[in-house]
Number of protein chains: 2
Amino acid sequence: MERLEPIPSLMEATADRIRSAIILGELPLGSKLSEQKLADMLGVSRSPVHNALALLQYEGLVEVLPKVGSFVFTPSVKSAFDLCDHRAVLESASLQMAMEANPNTLIDALSKGAASMALAIKNNDPAAYTAGDLAFHAAIIECGGNKSIARAYSHTVGPLMALRTHLFTTMNTHLDRSMEEHLDLIQACKEGHIDHAMTVLSAHIGHLVREYQTASQSDAEQSRG
Amino acid sequence: MERLEPIPSLMEATADRIRSAIILGELPLGSKLSEQKLADMLGVSRSPVHNALALLQYEGLVEVLPKVGSFVFTPSVKSAFDLCDHRAVLESASLQMAMEANPNTLIDALSKGAASMALAIKNNDPAAYTAGDLAFHAAIIECGGNKSIARAYSHTVGPLMALRTHLFTTMNTHLDRSMEEHLDLIQACKEGHIDHAMTVLSAHIGHLVREYQTASQSDAEQSRG
DNA sequence: GTCAAACATGTAACATGTTAGTTTTGCGGG
DNA sequence: CCCGCAAAACTAACATGTTACATGTTTGAC
């Protein structure tokens, strides 16, 4: 019999709902999260909300001030850079590990991700593109085969997704260039050029950083204007 | 006025006590942690214990099976490797960042750590040596200046400390070689040879991995014998 | 008028009762 | 003797009452 997925606890379900709300931008950055109000809103008691907020604090999406309250995280430009650099480090290392251990598995997984991204561009479906992008990069980590790195990586996903959403109005993602970089990466892997692949990957994430930077600058200008 | 450090909550204090007990080997690997019994033992109610266990799960020191119980983590050889590799990745990256940003600060911090380690060897004080070692490597991360990486790094510390304790009977740490590697690293930094410094660092952590491996093999043989 | 101390209010942390799910055990049938 | 099933004991998850803390406001002294 197939291993069934564990039934999510109420706490986890609560965390999922709050996380989604943050990532989707329904809860603005920095806004206060009263445990009582969240409990009433979600129709549960305070316990699961309390524990869910603790979990989200570990993920970096929520900041908890003891005895005062919880708030949606307020990322600085620096922290966005840190997240991106961190991600680049983990992905580069995983890419190298994957290429040394089982390059074909990696290339297959990357190709699959790239295919769904290409389809998304064709259909002009940004959400699908983002999903494909996530899968592409998750595949690198997955193929690296290091559980500890995978865990750390997963903790960068939520905050970066939230950033992307909240800066979306001013972010103009260059889908074509992004797509091309992914294909370059696959090509480098196929040719066995690990160093070049790592360079491409770092550059790719570097572009993401620069987009966050310009987006946050635009945001700041809009705030002043 | 200097910023005072925040008073730890009961939950955090509870987590600290359980963490220490695991790292010091008072709670054996894989042993069951009943929330009720821990609460009675520590003289607190179940709530802070429950939340503390959730925190320790996030740190990787305990595994929680919903509705069943919590257990001290049971590291496999693979997971020990993963932790070491992960650490090597984070430290290498931080070393590079620190060398590019403010090499002198880094060298000062490393020298300070190395000094206390040398003193510990002179006094034949293994605990002090471990503390100096921790400070040395923490300094690399600190000087890297990336908060996201620092957070991930801190999550590798507890499990690795616990491993070290539990394998201590069979681990014969080569203090002299370890000390020498640290000094080599500082020298490479002073000369500005970033690549060489990263190589030395990776090799140093690689030695740690190999010690875990031989120690766990000895353990296995003892179990059979 | 200014400053500080008492107070009122709102908050999460903690304690504990209740519920629901899991594991173990013991008994009866094969 | 072994297997299956049922019941009991145990466990954590959840709900909620209580407490202690943080913070903003008012008031009284100077």
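This short presentation covers the surface near DNA strand D, one pocket, and the relation between chains A and B.

The model is predicted, so local features need pLDDT of at least 70 and side-chain atom pairs count only at pLDDT 80 or more, while totals for chains, interfaces and linings use all residues. Residues are numbered from 1 along each chain as written, chains are lettered from A and ligands numbered from 1 in the order written, and side-chain values use heavy atoms, without hydrogens or water.

I begin with the DNA. Around DNA strand D there are 18 residues, the closest being Leu10(A), Ser45(A), Arg46(A), Ser47(A) and His50(B); a residue is near a strand if one of its heavy atoms lies within 4 Å of it. By class, these residues comprise six nonpolar, six polar and six charged. Here Ala, Val, Leu, Ile, Met, Phe, Trp, Tyr, Cys and Pro count as nonpolar, Asp, Glu, Lys and Arg as charged, and the others, Gly among them, as polar.

Which elements supply at least two residues each of this surface? They are helix H1 (10-23) and helix H3 (46-59) of chain A, with strand S1 (32-33) and helix H3 (46-59) of chain B. H3(A) gives the most, with three residues. Helices (H or I, at least four residues) and strands (E, at least two) are DSSP runs, numbered from the N terminus.

Of the strand D atoms within 4 Å of the protein, 71% belong to sugar or phosphate, and the rest to bases. Three polar contacts (pairs of N or O atoms within 3.5 Å) may be named individually. The side chain of Ser45(A) has an N or O atom 2.5 Å from a phosphate oxygen. That of Ser47(A) has one 2.7 Å from a base nitrogen. In Val68(B), a backbone N or O atom lies 3.4 Å from a sugar or linking oxygen.

I turn to the pocket. A pocket is an open set of points on a 1 Å grid where a 1.4 Å probe fits, with protein on both sides within 12 Å along at least five of seven lines; lining residues have an atom within 4 Å of a point. The second largest has a volume of about 1,400 Å³. Its lining has 39 residues, with Gln57(A), Pro66(A), Ser9(B), Met11(B) and Glu12(B) closest to its centre. H1(B) gives the most to this lining, with seven residues. The lining divides into 20 nonpolar, eleven polar and eight charged residues.

Finally, the two chains. Chain A can be laid on chain B with an RMSD of 0.1 Å by a turn of 180 degrees and a shift of 0.1 Å along the axis, superposing by least squares the C-alpha atoms of residues with pLDDT of at least 70 in both. That is the relation of a two-fold axis. In chain A, Ala152(A) has the C-alpha nearest the axis, 2.9 Å from it.

Methods
Polar contact = N/O pair within 3.5 Å; in protein donor to acceptor, adjacent residues only side chain to side chain. Points joined across faces, edges and corners; volume = space filled by probe spheres on them.
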